[in-house]
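Got the viewer open? Let's take a short walk through some charged side chains and see what they hold on to.

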Amino acid sequence: MPRWFTRNENWDFGGKPDPTTDQPGEPKRKRRLATTFAFTVLFFAGASLAAVAGNKFSASIVEDDTTAIESTTTSDASEAAPAAEEAADDSAAAAAAAATEAAASHDPSAAADPAAATPDMTAAAPEAAAAASDQGFSQVTQATASQSDAAAPGASAAHSPKQTAAKRARARTEHLRAVLLPKTKPAPKPEIEGPEAGATIWLNSPLPDPTPPARRLSPKFAANLKVAAQRSGVDWSVMLGILRARGATGHMPADRVTLGRLATRLDSFGPARGDWSRIVAYSGDTRFADKAAALARYDRAVGLDALVKGLEASKAAIATRVLADRNISIYQAGRNDIVAGKVDVRVLAMIAYLRESFGQVTVSCLVAGHRLYARPGVVSAHIYGRAVDIADVGGTSIQGHQEPGGITERTVREILLLPAEVMPRQVISLLGLGGPSFPLANHFNHIHIGY
């Protein structure tokens, strides 16, 4: 029988079993297991040889890269940045591998598991990139060269070429981000003063006219108000204060008939010792009289024209009256601030109002003379002309007179009765009476009023 036929008829090729050959059984299974074991041993032996060769090849790459980086750094600093990043990656990998080998000398199980060192080396790459950016490429190149010479074999054992290339790409991307993206400083926090529950925040943005057209009186109403007040011999500001305290707002708080009746009734009470007494006689309510009298003093301080045309349009007229009043004491640099137009019209109206309420007022600080920052990084409202410090009211100094019921408390209470359009954001002394008023220990000798 031909050989090829015999082979095809063999049991191993799907033919019929040859009774003269060995039947499959236990001896054949043992031979297969032995063959499998032998090939497995050969496979791992080959892998070990490849790893040893890879160590030497990777070490030569590290040395070549280090040499290239050194030469490139001395010739062109801009081209040295990526090279320094790559060298830092190799250096971090070498250091991690050296640590792994040192641990393996004490713990053989750690040496048998090279994958355990991978997370540490991955975390070391960004740190090496950050060191390269902070310390300069020349210093990193020198450190990289020394570390690579000392720990290059260990680094190759822990990293494959693909892992090293991926880490280099990540480090290069992080470096480009740090170099190309603009580094912006955070904006300074807005000025915050007062208790946390009701703190006042200053944004120092341009402020509009406190009396927009919707809050101004119509010229017709102003003319009717003057006529009615003159006929009855009463003050127009008292009549307007009563109307506003009642809640009558808008361009025409009352018509001509209502103005006439109000003027006649106020005149019927006869001569009075002041606006407050006349209003109490009219309403019978002291709290209502407090509010109406304060509004009347404010209207009289700014003038009827300012209520019709707006405060900004009447700023020059208010400033002229403040500077010409002998009962308003302002230091010379502060007077220059007013002449130069640096002081906000709200501050001018506040000074005129306090003069109308107490008969005398002393201004200790406007713009000039105040420090630039209220606190580190925050410009004071004084610099913008939106704050005033009051040192004396009615001939009495604020310093030493901040006890309950004293001149400081009465001044703060009068400020808190002003209309909403000119209500300050800060009223700081040693007293806290609610609203925008709160105490600060360094305001023992003045009242700070800020917008």
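Start by selecting E356: this residue is partly exposed, with a relative accessible area of 30% (buried means under 20%, exposed over 50%, partly exposed in between, using a 1.4 Å probe and protein chains only). A quick word on what you're looking at: this is a predicted model, where local features need pLDDT of at least 70, side-chain atom pairs count only at pLDDT 80 or more, and totals for chains, interfaces and linings use all residues. Residues are numbered from 1 along each chain as its sequence is written, and side-chain values use heavy atoms, with hydrogens and water left out.

Now add R300, which is also partly exposed, at 25% relative accessibility. Its side chain meets that of E356 in a salt bridge, 2.9 Å from N to O (that is, a side-chain nitrogen of Lys or Arg within 4 Å of a carboxyl oxygen of Asp or Glu). E356 sits in helix α16 (residues 345–358) and R300 in helix α12 (residues 286–302), so the pair ties together parts that are 56 residues apart in sequence. Helices here are DSSP runs (H or I, at least four residues), as are strands (E, at least two), numbered from the N terminus. Keep both selected and add D235 and D275: salt bridges with shared partners join these four, D235, D275, R300 and E356, into one network.

Next stop: E421 and R215, another salt bridge, at 3.1 Å from N to O. E421 is in the loop between α17 (407–415) and β9 (426–429), and R215 in the loop between β2 (200–202) and α8 (219–232), so this pair links parts 206 residues apart in sequence. E421 is buried at 16% relative accessible area, while R215 is partly exposed at 42%.
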